Amino acid sequence: MMKKVVVLGAGMVGGAMAADLCTEYEVVVVDADRGRGEALAGRHRLTFQQADLTQPAAIAAAVAPADLVIGAVPGFMGFQVLAAVIAAGKNVVDISFFPEDPFALDELARQAGVTAVVDCGVAPGLGNLILGYHYGRMAVDSFECMVGGLPTARPYPWQYKAPFSPIDVIEEYTRPARLVVNGEIVVKPALSDAELVTLAPVGELEAFNTDGLRTLLRTVSVPHMRERTLRYPGHIELIRVLQASGFFDATTRRINGAEVQPLAVTAALLFEQWRLTPGEPEFTIMRVQIRGRENDQPCAYSYHLYDETDAVSGTSSMARTTGYTCTGVARLLLDGTFRRTGICPPEFVGADADCFERVLAHLAARGVHCMDMKTI
């Protein structure tokens, strides 16, 4: 009997994952937006179910027949949705970038015998897989991940389009960034330590601190670690102006007799300006650098990923790189290759050489290539 996968969220990335999985499995996509869900079902061999995913009972009912659940909801919903899926006793692979600590659900997942792979996108996600693989094979001294999803064109004034929810992007810009320096966790403001870097084939980009290490702060012991977001030069200064002017303030204010939250207004305005139009060319670029000692010799590994919107299907690069990392890991759970119970960040998956190689091969088969180079 064909296994059933329930995808929670019919957005850009959720839709790409559903389309990828429905070639091998029975897929049900669940979302509150009927129009979006039915449009997806009209293009692919899958079914759509409308449900309010803010309600635990609705989530439990939706995932009841599933052999595996994919979590693809916005970050502000992610933790509660994941908790409901685990409580329902379902294995899950999740890409939502929620601010809560996923290990708060570890005991619940263990008691339920559930495998819950979290943060399973491109970054966090693929970068964690890479570090997890090397961490068990060498003494790692430093880890740095730089990543960005950008439009090919540079629209005024932001030079940016959001390949996912603008509210999640704003969260990246406001959440303090945790780094590891000399073995200690150091907290810096988001957007800090800006620098210009040159990465082929794009050229000059701006890198700054964001809070992308997440589970790595707990699961590995590496003296130096940081995660950096990439944008076109100049974007960060515009964001700093918004932040300094109070446009990201979540406190409600009364203006002309109406209760207004600046953050909600900003997100609504930016949603229109940052929305990718269907088929609009964009790309994902990532560099992961790992340094340390292997076989008692100094060594360094550098992984480079560059991917563009698929010209045939119109699938965005961020949906491809994020979504196909997730579906690659999902297949490992569905065929029983990865069985560890509890909360499992991607570094746990990458620690297994077969799992790591299969995910990279899965990505490559879909035209997403993460090339590595070792230097000594």
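Here are some notes on this predicted model, point by point.

1. Start with the inside. Searching the whole structure turns up one cavity of 30 Å³ or more, and the volume of this largest cavity is about 50 Å³. Its lining consists of Ala 123, Pro 124, Gly 127, Asn 128, Phe 143, Cys 145, Gly 212, Leu 213, Leu 216 and Glu 227. Two elements, helix 6 (126–135) and strand 7 (139–151), each give two or more residues to that lining. By class, the lining splits into six nonpolar residues, three polar and one charged.

2. Next, the second largest pocket, which holds about 170 Å³ of space. There are 14 lining residues, and Asp 101, Pro 102, Arg 178, Arg 214 and Thr 215 are the ones closest to the centre. What is the make-up of this lining: how many residues are nonpolar, polar and charged? Five are nonpolar, one is polar and eight are charged.

3. On cysteines: the disulfide count is zero. For Cys 344, the nearest cysteine sulfur belongs to Cys 120 and sits 11 Å away. Cys 344 is also buried, at a relative accessible area of 0%. Cys 370 is unpaired because its closest cysteine sulfur, in Cys 145, is 9.3 Å away, too far for a bond. Cys 370 is buried too, with a relative accessible area of 13%. You've already met Cys 145, as one of the residues lining the largest cavity.

4. Have a look at Arg 331, in helix 11 (residues 317–334). Is this arginine buried or exposed? Arg 331 counts as buried, because its relative accessibility is 8% and the cut-off for buried is under 20%. Its side chain makes a polar contact with the side chain of Glu 24, at 2.8 Å. Leaving out residues up to four places away in sequence, Arg 331 touches Asp 20, Leu 21, Thr 23, Glu 24, Tyr 25, Arg 358, His 362 and Arg 366.

5. Glu 171 belongs to helix 7 (residues 166–174). With 26% relative accessibility, Glu 171 counts as partly exposed. Its C-alpha atom is 9.2 Å from that of Phe 248, although the two residues are 77 apart along the chain.

6. Now the backbone, where two kinds of geometry deserve a check. Most residues other than glycine have a negative phi, and most peptide bonds are trans. Against that background, which residues does the cis bond with omega near 0 degrees join, starting from Tyr 156? It runs from Tyr 156 to Pro 157, and Pro 157 sits in the loop between strand 7 and helix 7. Another cis peptide bond joins Ala 200 and Pro 201, with omega about 0 degrees. Pro 201 is in the loop between strand 10 (195–199) and strand 11 (203–209).

7. Finally, positive phi. Asn 182 is not a glycine, yet its phi is near 55 degrees. You'll find Asn 182 in the loop between strand 8 (177–181) and strand 9 (184–188), where it is exposed, at 59% relative accessible area. Asp 296, likewise a residue other than glycine, has a positive phi of about 65 degrees. Asp 296 falls in the loop between strand 15 (282–294) and strand 16 (297–308), and is exposed, with a relative accessible area of 62%.

Key
Residues are numbered from 1 along each chain as its sequence is written. This is a predicted model: local features need pLDDT of at least 70, side-chain atom pairs count only at pLDDT 80 or more; totals for chains, interfaces and linings use all residues. Side-chain values use heavy atoms; hydrogens and water are left out. On a 1 Å grid over the protein atoms alone, a cavity is a set of points where a 1.4 Å probe fits but cannot get out, and a pocket is an open set with protein on both sides within 12 Å along at least five of seven lines; lining residues have an atom within 4 Å of a point. Grid points are joined across faces, edges and corners, and a volume is the space filled by probe spheres set on the points. Helices (H or I, at least four residues) and strands (E, at least two) are DSSP runs, numbered from the N terminus. Ala, Val, Leu, Ile, Met, Phe, Trp, Tyr, Cys and Pro count as nonpolar, Asp, Glu, Lys and Arg as charged, and the others, Gly among them, as polar. A disulfide is a pair of cysteine sulfur atoms within 2.5 Å. Buried means under 20% relative accessible area, exposed over 50%, partly exposed in between (1.4 Å probe, protein chains only). A polar contact is a pair of N or O atoms within 3.5 Å; within protein, one must be able to donate a hydrogen and the other to accept it, and residues adjacent in sequence count only if both atoms are side-chain atoms. Contact means heavy atoms within 4.5 Å.
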